[in-house]
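Here is a short set of questions and answers for a first look. Start with the picture below.

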Amino acid sequence: MKSLTPIRQIDGLRDYVRRQRADGQRVGLVPTMGALHDGHLSLVEAISQQADAVIVSIFVNPTQFAAHEDLDTYPRHETEDLQILATTCATAVFAPSAGEMYPSGFATSVAVEGPAKGLETDMRPHFFAGVGLVVTKLLLQALPDVAIFGEKDYQQLLVIRRIVRDLDIPVEIIGGPIIREADGLAMSSRNAYLSADQRVIAGRLNQILRALAEAADPPDIAEAKAHDALLEAGFSAVDYACIRDAETLAAPDVQTTRRRALIAARLGDIRLIDNMDAR
Ligand code: AMP
């Protein structure tokens with residue numbers, strides 16, 4: 001079995017990419033925060049259909065966590081992650097330190113509106129500034145031919161597409177489908193926080209999302225029903241349960257051709273999100 005030694009420095013990453021290109025290889029990037037599960041591995045597999053060299057980045061990005069969020073307790077399993085990746089098509093791992101990514105005196109931000117407005121931003125106003133910054137940096141550091149992001153974080157995928165388009169970053173962005181547990185719960189590194197009782201309730205999220213996505217009711221009625229169903233199922237709070245235009249994330253209107261149902265709900269301190277195509 002191969003073994004993967006993480007690249008820690010941006011210069012080392014650039015060197016790796018340069019050598020792949022010199023060998024005529026197409027380069028793909030899979031950004032992650034580690035604690036890898038089958039959702040991440042599906043992205044590695046999917047990008048390997050489009051790239052010869054597959055770089056997986058592992059970086060728990062401090063700028064996308066607010067002070068009260070779980071940066072310190074976010075699961076970090078680098079040794080296991082490297083072992084898992086050694087069994088996949090990944091050819092390199094980029095795992096920089098926070099100091100490498102954000103050296104002292106760091107003073108630049110990436111502000112994005114459009115699809116970043118509302119939904120996640122209503123609850124986590126700092127979030128897309130942090131994601132936009134780190135993804136912009138990773139794309140510019142590696143300058144891969146292609147990078148992949150999961151539809152699990154649907155709004156994030158749209159935000160990244162918009163940044164790449166608006167800033168003319170010459171990287172193709174592709175989306176990967178959501179990988180789920182047997183009961184439909186979308187895989188997430190944060191699922192490890194769930195107690196046995198919470199795990200049972202968490203399984204209901206996907207059923208309620210499906211009912212919302214397939215509802216024949218007008219959106220506001222379907223959304224209210226989903227909201228009530230989540231609270232009845234045992235969720236402690238509902239951040240949103242809504243039907244949006246799948247391309248803009250605005251409320252659907254006569255221009256809308258595709259709709260997306262999206263939910264974010266909380267079980268105590270744990271926040272779960274999911275989404276799917278809607279009728
Ligand atoms: P994270 O490590 O949570 O930042 O996720 C890294 C990438 O994996 C992001 O593009 C996520 O959207 C994607 N991802 C996370 N969970 C899943 C899943 N269950 N299915 C597909 N992609 C996922």
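Q: Which polar backbone atom is 2.9 Å from a nitrogen atom of the ligand?
A: This is a predicted model. A nitrogen atom of the ligand has a polar backbone atom 2.9 Å away. That backbone atom belongs to Met-187.

Q: Which residues come nearest to the ligand?
A: There are 16 residues around the ligand. Five names stand out as coming nearest. They are Met-33, His-40, Gly-150, Asp-153 and Met-187.

Q: Which residue places a polar side-chain atom 2.9 Å from an oxygen atom of the ligand?
A: Take Met-33 before answering: a backbone N or O atom of Met-33 lies 2.9 Å from an oxygen atom of the ligand. The side-chain case is another residue, with a polar side-chain atom 2.9 Å from a ligand oxygen. That residue is His-40.

Q: How far apart do the C-alpha centres of domain 1 and domain 2 lie?
A: The domain assignment gives domain 1 as 10-176 and domain 2 as 189-278. The distance asked for runs between their C-alpha centres. It is 25 Å.

Q: How much area do domain 1 and domain 2 bury between them?
A: The two domains touch: 20 residues of domain 1 are in contact with 19 residues of domain 2. Of the area they bury, 51% is on carbon and sulfur atoms. The total is about 1,700 Å².

Q: Which residues in domain 1 lose the most area to domain 2?
A: Three residues together account for 39% of what the domain 1 side buries. They are Leu-119, Met-123 and Tyr-154.

Q: Which residue forms a salt bridge with Arg-271?
A: The rule finds three salt bridges across the interface of domain 1 and domain 2. In the Arg-271 salt bridge, the closest N and O atoms are 2.9 Å apart. The partner is Glu-120.

Q: Which element gives the most to the side of domain 1 that touches domain 2?
A: Eleven residue pairs are in polar contact between domain 1 and domain 2. On the domain 1 side, α5 (120-123) and α7 (154-166) are the elements that give two or more residues. The one that gives the most supplies three residues, and that is α7.

Q: How many residues on the side of domain 1 that touches domain 2 are nonpolar?
A: The residues on this side divide into three groups. Six are charged and five are polar. The nonpolar residues number nine.

Notes:
Residues numbered from 1 in each chain as written. Predicted model: local features only at pLDDT ≥ 70, side-chain atom pairs only at ≥ 80, totals over all residues. Heavy atoms only, no water. Domains from an automatic or database assignment. Contact = heavy atoms within 4.5 Å. Buried area = accessible area lost by both parts, 1.4 Å probe. Salt bridge = Lys/Arg side-chain N within 4 Å of Asp/Glu carboxyl O. Polar contact = N/O pair within 3.5 Å; in protein donor to acceptor, adjacent residues only side chain to side chain. Helix = DSSP H or I, 4+ residues; strand = E, 2+ residues; numbered from the N terminus. Nonpolar A, V, L, I, M, F, W, Y, C, P; charged D, E, K, R; others polar. Near = heavy atom within 4 Å.
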